[in-house]
Amino acid sequence: MTASAFSAAVAAVRAGASPDTAAEDLLEQLTPEERLGLLDGDLPFWDAMADMLGNGYNRTPYPMGRVDRLGIPGLLFSDGPRGVVMGASTAFPVSMARGATWDLTLEERVGTAIGREMRAQGANFFGGVCINLPRHPAWGRAQETYGEDPLLLGEFGAALTRSVQRHAMAVAKHYALNSMENARFTVDVTADDATLHEVYLAHFRRVVDEGVAGIMTAYNSVNGEWAGQNEDLMEGVLRRRWGFTGVTVSDFIWGLRDAATSLRAGLDVEEPFQQQRAQHLATDLAEGRASWEDVDRAARRILRTQIHHYATREPEEPSLDEVFGDTHRALAREVAARSMVLLKNEQVAGAPVLPLHRDAVSSVAVIGRLADLPNTGDHGSSDVRAPEVVTPLRGLTEALPHATIRHVAEDSPEAAAEAARASDVAVVVVGYTALDEGEYIGSAMFADPALLALFPPADDSPAGQELLGRLTEQAGTDLSIVGSQGAGGDRASLRLRPVDAEIIRAVAAANPRTVVAVVTAGAVITEEWRDAAPAVLLAWYSGSEGGRALADVLFGEVDTAGRLPFSIPTTEDHLPFFDRDATAITYDKWFGQRLLDRDGHRAAFPLGFGLSYTSFALSGLEVGPVSGETFDATVTVTNTGPRDGRHVVQLYGLPTGAADDFPSRVLLGFASVAVPAGESVRVTVPASVRPLQRWTGDGFGPAQPATIEAAAYAGDPAAVTAPSPWPGR
């Protein structure tokens with residue numbers, strides 16, 4: 001058989017054949033060994049691990065299930081989500097920053113760029129649609145997801161999915177209940193069915209509706225069974241309840257605990273190397289612990305997913321010149337600027353501190369250890385190796401080529417105050433790095449017998465013997481197996497370092513025109529220093545062009561259009577219980593803004609909050625009829641301020657007579673809109689009734705009647721309201 005078999009299957013689907021039929025025809029041409037080979041990676045385990053540690057993680061695609069004899073390309077994996085991990089690609093702002101834009105069209109542009117850079121570098125399987133809900137802001141990988149609200153997560157995940165899939169198969173992760181980092185290999189997360197379906201699975205359902213090609217399971221256990229071999233989640237919810245037709249894949253290396261159990265439970269592919277299945281599955285089949293029916297079930301899904309993708313993707317082959325090219329760098333800069341959230345902007349001498357005016361700034365003090373640090377996020381599996389990163393110091397220096405720039409990097413409140421006192425403006429850059437938060441895959445796990453047992457024997461591999469010995473010796477250090485130094489993990493504190501607070505207070509006392517730019521992925525409690533800072537900007541891990549974007553925002557080239565994708569409390573006491581080393585935890589429906597609302601606590605900054613350089617008013621809310629589970633609302637947005645700007649209209653539902661176990665306010669939809677100064681725009685906001693539905697035990701009931709609220713943020717006193725157009729139960 002020539003390499004035309006797969007091409008023939010793709011051509012048949014393009015001509016109108018069913019992908020299922022084409023997959024069945026192709027399956028019949030595979031030998032038993034080739035069928036088994038579809039179910040895991042193609043690279044020998046210890047050689048691939050040595051390469052990962054020696055040369056770096058995912059520099060080229062990780063192939064899984066390639067069959068050259070039939071021309072089957074296999075799943076050629078590249079990680080994300082802040083860009084393409086392979087090669088030297090464009091680092092976009094982290095997903096949480098992109099969620100702060102509340103702009104799905106902008107996210108689609110990012111997804112298209114990622115898809116094109118992937119395809120140009122030979123990959124076809126993007127493991128970067130991360131939509132886990134950060135139950136607690138200390139979660140180390142909060143930067144990889146979009147916000148605290150299920151609807152926001154689902155809509156952004158769907159936008160990234162449909163745009164990436166013009167060029168590559170998209171994979172949503174980590175299914176499910178993954179929002180603890182340090183304990184992710186050991187923790188059992190329990191949740192009742194209502195909590196699962198109303199909250200923690202809702203966004204995965206949305207991306208399945210969008211046609212996502214793959215679902216990656218989580219490391220943690222869910223209700224007593226590891227997610228990578230959890231039949232209730234995979235065959236029950238994903239397949240039978242939601243009708244998912246794509247491929248299920250494990251998280252890397254430690255994503256399942258038993259080859260046969262995972263196959264029976266519905267896991268199609270063990271990622272990314274030849275590991276447990278290569279070692280055990282043939283024997284499991286011979287001894288009856290697994291069946292060939294399960295092998296063929298997985299093989300059909302793997303083949304169908306590839307055939308459907310190649311039959312429907314865009315025909316154009318992107319050029320390598322696009323990778324970190326001018327167009328994508330400009331997009332990264334645009335997204336970074338649009339994501340930044342202005343939290344505070346007091347008046348000084350009769351005018352707000354921001355935006356700055358170039359002709360009034362002849363000197364700037366740029367303060368902080370992070371001001372000249374390339375700092376695009378953690379050093380785990382999402383790390384993008386951009387050839388260049390523009391720091392805040394460089395961005396401000398370029399923006400003011402004739403100004404005096406005074407940079408103070410050391411942790412010295414006195415030196416910072418001295419520089420600020422001598423300057424027209426002071427910009428203090430504070431926050432976190434990969435040492436403080438991010439993915440944690442430390443070498444300590446090589447001292448864990450349960451995890452070591454998942455590796456093939458190293459006896460027959462010199463590379464394996466050497467590597468295992470080295471890693472065992474280094475157990476407990478901060479060496480990451482993805483090849484970078486950095487502790488990462490869940491944040492130990494939601495506050496800045498004490499010295500950062502001291503620096504902010506000293507600088508603000510020395511110069512009333514002080515701007516604090518906070519680099520973070522999640523909520524930062526600001527109570528001990530915020531009163532002293534006249535202007536506070538959430539600047540995120542902002543990608544390759546973040547420094548230039550920061551200058552664009554500070555000097556008003558771009559309106560501050562970012563809005564918080566999460567709430568920020570005034571104290572840790574207002575958050576759910578969190579123990580980053582827990583081995584068991586129960587999740588309920590209460591977190592973030594929902595928890596603050598239930599308990600009557602005022603947020604320091606509520607979900608959706610953000611200031612603009614202009615002002616807006618909403619009026620004339622009208623709610624259209626429900627079609628299926630969606631409806632449109634229209635509202636007039638008026639720019640009442642002196643300059644052009646961008647507003648985010650947020651549509652909330654306030655259930656009428658909601659029970660104690662249901663939130664008092666849920667997000668239903670949103671729209672980002674540009675409005676010229678002094679003008680009004682009539683905006684249509686697409687919305688969903690799903691957040692108002694309650695789980696009945698065997699499905700969802702009808703949407704609860706509710707007051708519909710168009711607002712600038714959750715709890716906005718200037719919101720406009722209308723009754724829901726659907727009847728009560």
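**Exercise 1. The sheet.** In what order do the six strands of the open sheet run, and what is the sense of the pairing?

Solution. This is a predicted model, in which local features need pLDDT of at least 70, side-chain atom pairs count only at pLDDT 80 or more, and totals for chains, interfaces and linings use all residues. Residues are numbered from 1 along each chain as its sequence is written, and side-chain values use heavy atoms, with hydrogens and water left out.

Step 1. The order is 1-2-3-4-6-9, and the pairing is mixed. Strands are DSSP runs (E, at least two residues), as helices are (H or I, at least four), both numbered from the N terminus; two strands pair if DSSP finds at least two bridges between them.

Step 2. Strand 1 (62-64) and strand 9 (247-249) are the edges, each pairing on one side only. Neighbouring strands are turned by 35° against each other on average, direction ignored.

Step 3. Three bridges join strand 1 to strand 2 (residues 75-79) in the antiparallel sense. Here M64 stands opposite L75 of strand 2.

Step 4. Helix 9 packs on the sheet, where it touches strand 4 (169-175) and strand 6 (214-217). The direction of helix 9 makes about 165° with that of strand 4; axes are lines fitted to C-alpha atoms, for helices over the stretch in contact, and angles run from 0 to 180 degrees between N-to-C directions.

**Exercise 2. The surroundings of helix 8.** Determine how many residues of helix 8 (residues 193-200) are buried and what covers them.

Solution. Step 1. Apply the cut-offs: buried means under 20% relative accessible area, exposed over 50%, partly exposed in between (1.4 Å probe, protein chains only).

Step 2. Seven of the eight residues are buried, namely A194, T195, L196, H197, E198, V199 and Y200.

Step 3. The cover includes helix 7 (150-164), helix 9 (202-210), helix 10 (231-241) and helix 21 (592-599), with contact taken as heavy atoms within 4.5 Å.

Step 4. At the start of helix 8, the backbone nitrogen of A194 has a side-chain oxygen of D192 within 3.3 Å.

**Exercise 3. Salt bridges.** Which residue of helix 8 forms a salt bridge with K589?

Solution. Step 1. A salt bridge is a side-chain nitrogen of Lys or Arg within 4 Å of a carboxyl oxygen of Asp or Glu. The whole structure has 58 of them.

Step 2. The partner of K589 is E198, at 2.9 Å from N to O. K589 lies in the loop between strand 18 (584-586) and helix 21, 391 residues from E198 in helix 8.

Step 3. K589 is buried because its relative accessible area is 7%; E198, at 12%, is therefore buried as well.

Step 4. Compare D149 and R594, whose closest N and O atoms are 3.9 Å apart in a salt bridge. D149 is in the loop between strand 3 (125-130) and helix 7, R594 is in helix 21, and 445 residues separate them. Both are buried.

**Exercise 4. An aromatic pair.** Classify the ring pair of Y200 and Y587.

Solution. Step 1. Rings of Phe, Tyr and Trp (its six-membered ring) pair if their centres lie within 6.5 Å; planes under 30 degrees apart count as stacked, over 60 as edge-to-face and the rest as tilted. The structure holds 26 aromatic pairs.

Step 2. The centres of Y200 and Y587 are 5.3 Å apart and their planes stand at 35°, so the pair is tilted.

Step 3. Y200 belongs to helix 8 and Y587 to the loop between strand 18 and helix 21, 387 residues apart. Both rings belong to buried residues.

Definitions and conventions
A polar contact is a pair of N or O atoms within 3.5 Å; within protein, one must be able to donate a hydrogen and the other to accept it, and residues adjacent in sequence count only if both atoms are side-chain atoms.
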